[in-house]
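User: Could you teach me how to read a structural model, feature by feature, with the general idea before each case?

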Amino acid sequence: MPRPTGRVLTLLELLQSGGTRTTAELAARLGVEGRTVRRYVDHLVDLDVPVESVRGRYGGYRLAPGYRLPPLMLGDDEALAVLLGLVAGRRTGLTTAEHVASETAAAKIRRVLPKHVARRLDTLLEALAFTDQPGEFDPPDAGVLLTIADAVRYRRPVSIRYTDRDERRSERTLHAYGIVAHASRWYVTGEDAGVGEDRTLRLDRIADARTLPGSFEAPAGPGPAQRVLSALATAEYRHEVTLRIHGTVEQIRARLPVSVARLEEHEPAAGRDRAAERWLRVELRAERLDWLPPVLASLDRPFVIERPDELRHLVTALADRLASYARQA
């Protein structure tokens with residue numbers, strides 16, 4: 001027969017699954033009487049676990065938000081899922097605090113894992129590989145992230161202190177439409193109320209966020225993710241590049257995605273397949289051009305450089321180097 005302590009922990013696990021559990025339901029799951037369930041609830045309350053009593057026909061017990069996280073009861077698969085999430089978030093740079101927070105959280109879970117589960121996890125991590133480089137970016141402040149998320153949900157203006165890429169600091173009032181994680185960074189997209197224009201801002205450059213009174217209406221049109229991708233593709237950079245590439249949309253997008261370049265698609269002639277190869281205009285902006293010649297080479301499609309001339313020289317130089325390498329014995 002299970003010991004009372006084991007039943008109390010089982011009760012906590014049942015309550016952590018969410019919702020209100022009736023006394024009769026809990027008694028049946030624990031194999032005890034209703035008055036014993038009430039005694040077990042008192043044990044949890046004595047341990048500072050915030051259990052609420054819900055009155056009425058469909059009443060019972062539920063966990064209430066507390067000032068501290070109550071003990072978590074995770075199954076084997078749940079523990080693996082949490083640890084993998086921490087590993088993936090740290091590896092891709094999509095963390096919301098310093099790396100030490102992820103490390104200590106993972107260590108606490110690893111410490112209580114059964115040996116057979118820990119072995120399974122170690123085996124998986126040894127076999128796991130990532131195709132991208134580890135994120136080396138500054139994470140956003142967790143308080144800023146949660147404040148802006150709350151402003152997005154309730155359509156509340158938010159006051160922020162922002163530092164742009166030229167190290168200029170400013171105070172802004174933002175009508176935030178949504179938060180987007182892209183390429184190991186966190187972004188917020190919304191209207192800068194001071195200038196009445198949409199902006200895409202990096203969350204790690206926001207030093208402070210404070211919700212303001214009032215509300216705003218979310219605009220119709222593209223969602224937050226599409227707004228961020230479009231903003232990144234059209235942002236002002238040192239070089240403006242225009243190309244014509246012969247191929248399909250899928251072939252070009254495989255190397256120049258929406259976040260990098262705009263693609264001007266012409267309506268095909270009547271009876272012509274939309275997926276057929278044709279000349280398409282590609283526009284993009286970049287701080288540097290040295291990464292683009294290898295990308296164009298990897299496309300393996302005919303292309304014409306309209307501007308700038310500097311790119312044409314870089315492509316020619318790459319072609320010469322590749323030709324010299326090929327001639328070596």
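Analyst: Let us begin with contact, which means that heavy atoms lie within 4.5 Å. Keep in mind that this is a predicted model. With that criterion, and leaving aside neighbours within four places in sequence, Arg202 is in contact with Tyr162, Arg185, Trp186 and Tyr187.

User: In which element is Arg202 found, and does Arg202 count as buried or exposed?

Analyst: A residue counts as buried under 20% relative accessible area. Arg202 is found in strand E6, which covers residues 197-202, and its relative accessibility of 17% therefore makes it buried. The side chain of Arg202 also makes a polar contact, at 2.8 Å, with the side chain of Asp204.

User: How should I read a buried residue in a helix, and what is Leu311 in contact with, leaving aside its neighbours within four places in sequence?

Analyst: The approach is to take the element, the accessibility and the contacts in turn. Leu311 has its place in helix H11 (residues 309-327), and Leu311 is buried because its relative accessible area is 0%. Once neighbours within four places in sequence are set aside, the residues in contact with Leu311 are Val241, Leu243, Leu289, Leu292, Pro293 and Ile305. Leu311 and His239, although 72 residues apart in sequence, have a C-alpha to C-alpha separation of 9.6 Å.

User: At what angle do H1 and H3 pack, and which residues in H1 meet H3?

Analyst: For the orientation of two helices, an angle of 65 to 115 degrees counts as roughly perpendicular. Helix H1 (residues 4-16) packs against helix H3 (residues 34-46) at about 80 degrees, and their axes are 10 Å apart, so H1 and H3 are roughly perpendicular to each other. On the H1 side the participants are Pro4, Arg7, Val8, Leu11, Leu12 and Leu15, which meet Val37, Tyr40, Val41, His43 and Leu44 in H3. Sorted by class, this contact has nine nonpolar residues, one polar and one charged.

User: How does H2 pack with H3?

Analyst: The same kind of reading applies here. Helix H2 (residues 23-30) and H3 pack at an angle of about 90 degrees, with 9 Å between their axes, and H2 is therefore roughly perpendicular to H3. In this pairing Thr23, Leu26, Ala27 and Leu30 of H2 meet Gly34, Val37, Arg38 and Tyr40 of H3, and the contact by class has five nonpolar, two polar and one charged residues.

User: Turning to the backbone, which peptide bond is cis, and what is phi of Asp48 and of Arg155?

Analyst: For these features one reads the torsion angle and then the place of the residue. The peptide bond from Arg307 to Pro308 is cis, with omega near 0 degrees, and Pro308 lies in the loop between strand E11 (303-307) and H11. Asp48, which is not a glycine, has a positive phi of about 70 degrees; Asp48 is found in the loop between H3 and strand E1 (51-54), and its relative accessibility of 46% means that it counts as partly exposed. Arg155, likewise a residue other than glycine, has a positive phi near 55 degrees and lies in the loop between helix H7 (142-154) and strand E3 (158-163), where a relative accessibility of 27% makes Arg155 partly exposed.

User: How many helices and strands does the chain have, and what percentage of its residues count as buried?

Analyst: The secondary structure comes to 11 helices and 11 strands, and 33% of the 329 residues count as buried.

How values were computed:
Residues are numbered from 1 along each chain as its sequence is written. Side-chain values use heavy atoms; hydrogens and water are left out. Axes are lines fitted to C-alpha atoms, for helices over the stretch in contact, and angles run from 0 to 180 degrees between N-to-C directions. Helices (H or I, at least four residues) and strands (E, at least two) are DSSP runs, numbered from the N terminus. Angles under 35 degrees count as roughly parallel, over 145 as roughly antiparallel, 65 to 115 as roughly perpendicular and the rest as oblique. Ala, Val, Leu, Ile, Met, Phe, Trp, Tyr, Cys and Pro count as nonpolar, Asp, Glu, Lys and Arg as charged, and the others, Gly among them, as polar. Buried means under 20% relative accessible area, exposed over 50%, partly exposed in between (1.4 Å probe, protein chains only). A polar contact is a pair of N or O atoms within 3.5 Å; within protein, one must be able to donate a hydrogen and the other to accept it, and residues adjacent in sequence count only if both atoms are side-chain atoms.
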